[in-house]
Amino acid sequence: MSETHKTRMLIIGSGPAGLSAAIYGARAGMEPIVVQGLQPGGQLTITTDVENYPGFRDVVQGPWLMEEMQAQAEHVGTRMMYDTIVDIDVSQRPFRATGDGGIVYEGDTLVIATGAQAKWLGVAGEQELGGKGVSACATCDGFFYRGKKVVVIGGGNTAVEEALYLTNHSDDVTLIHRRDSLRAEKILQDRLFANPKITVLWNKTVEKFVAGGDPEGLVGVDLVDTQTGEKSHEAADGGFVAIGHAPATALFKGHLPMDDGGYVLVEPGTPKTSIPGVFACGDVMDHVYRQAVTAAGTGCMAALDAERFLAEADFAAEAAE
């Protein structure tokens with residue numbers, strides 16, 4: 001018979017959203033279980049310098065910040081499980097999740113905090129220069145490129161928004177797009193074309209992110225013209241890949257309503273899903289802000305709403321006896 005762990009609050013995912021939910025849930029006496037998943041700690045564990053998380057006057061390292069969050073969650077009573085969920089049943093309470101080794105987790109409430117991943121180009125130099133000039137988040141890393149030349153790759157809303165944001169730090173922003181027109185909303189395009197700090201390179205794809213300098217970092221991108229095949233090089237100190245994000249929601253397809261991008265739908269202004277007692281927080285439901293601090297905030301909201309849900313359910317059960 002498979003091993004079963006039961007809890008008042010089951011949390012799937014261990015980034016800022018999941019761990020913040022765990023901290024609040026543990027302090028409320030719900031003895032939460034966090035199933036960490038394939039990437040314990042979430043996206044911050046592959047982020048080097050973090051300068052915009054409140055509470056630290058100096059730059060901190062992403063992995064260290066997540067280690068501290070986990071330690072805090074464990075200190076107040078959270079159980080951490082090093083497992084990956086492969087099956088879910090939210091048809092009735094307690095909600096059931098099954099790990100890849102067959103272990104079953106049952107929760108009177110369920111908090112989904114599986115996050116999202118930036119989509120990457122998959123070209124040479126991209127992975128090697130991550131954190132050394134290549135990024136997928138201008139809001140996170142644009143500050144490090146004050147007064148420097150940057151490029152943004154993409155043609156949708158995300159790319160245009162990133163390019164516009166980067167003009168707060170750089171007077172030389174180049175948007176690189178593989179087609180001859182943008183997919184972004186017209187109002188964003190109008191703002192982009194009206195901004196003298198932004199140049200657009202049409203019909204170009206990135207073949208390689210080029211390293212150099214001392215210490216070694218990004219010095220530019222090698223490009224290929226999609227119409228002529230002509231090769232060129234664009235110098236850059238920072239390269240921002242902005243081709244969208246993919247929420248980690250495959251596990252919940254068919255179980256919970258999602259939008260066209262695969263993000264879990266929640267009641268506006270809350271982490272409540274369409275199933276009472278099931279909550280979604282962090283990047284799995286947020287395709288707008290995607291920041292560690294907003295993820296942590298929605299994790300807090302999920303825990304508070306879970307606590308209220310259980311209190312109401314317990315009261316109703318007692319009244320029915």
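Let's start with a hollow: the second largest pocket here has a volume of about 230 Å³. Thirteen is the count to keep in mind for its walls, since 13 residues line this pocket, and the closest to its centre are L121, I153, G154, R178 and I243. Which strand gives the most to that lining? Strand 14, residues 204-212, does, with three residues. Keep in mind as you look around that this is a predicted model.

Now turn to helix 1, which covers residues 16-27. You can check its length yourself. With 12 residues at 1.5 Å a residue, helix 1 should span 16 Å, and its end C-alpha atoms are 17 Å apart, so the two values agree. Is helix 1 mostly covered or mostly open? It's mostly covered, with 10 of its 12 residues buried. Those buried residues are P16, A17, G18, L19, S20, A21, A22, I23, G25 and A26.

Here's a handy bit of background for reading a list like that. An α-helix has 3.6 residues a turn, so residues three or four places apart point the same way.

What covers the buried residues of helix 1? Several elements do, and the cover includes strand 1 (4-12), strand 2 (33-35) and strand 5 (79-81), along with strand 8 (104-112). Helices join in too: helix 2 (62-75) and helix 6 (292-320) are among the elements covering those buried residues. Just after helix 1 you'll meet G29, which takes a positive phi of about 80 degrees.

Next, let's look at the rings. How many aromatic pairs does a search of the whole structure find? The search finds four. One of them joins F56 and W64, with the ring centres 5.7 Å apart and 80 degrees between the planes, an edge-to-face arrangement. The cut-off for that label is over 60 degrees, so 80 degrees qualifies. Both partners have some surface showing: F56 is partly exposed, with a relative accessible area of 32%, and W64 is also partly exposed, at 37%.

Another pair brings together F193 and W202, whose ring centres lie 6.3 Å apart. Why is this pair called tilted? Its planes sit at 50 degrees, and tilted is the label for angles that are neither under 30 nor over 60 degrees. Here, too, the partners are partly exposed: F193 has 46% relative accessibility, while W202 has 29%.

One last ring to find is that of F143. R146 lies over its face, at 3.8 Å from the ring centre.

Methods. Residues numbered from 1 in each chain as written. Predicted model: local features only at pLDDT ≥ 70, side-chain atom pairs only at ≥ 80, totals over all residues. Heavy atoms only, no water. Phe/Tyr/Trp six-rings, centres within 6.5 Å; stacked < 30°, edge-to-face > 60°. Buried < 20%, exposed > 50% of the residue type's maximum accessible area, 1.4 Å probe, protein only. Lys NZ or Arg CZ within 6 Å of the ring centre and 35° of its normal. Helix = DSSP H or I, 4+ residues; strand = E, 2+ residues; numbered from the N terminus. Expected span 1.5 Å × (residues − 1). Contact = heavy atoms within 4.5 Å. 1 Å grid on protein atoms, 1.4 Å probe; cavity = no way out; pocket = protein on both sides within 12 Å on 5 of 7 lines; lining within 4 Å. Points joined across faces, edges and corners; volume = space filled by probe spheres on them.
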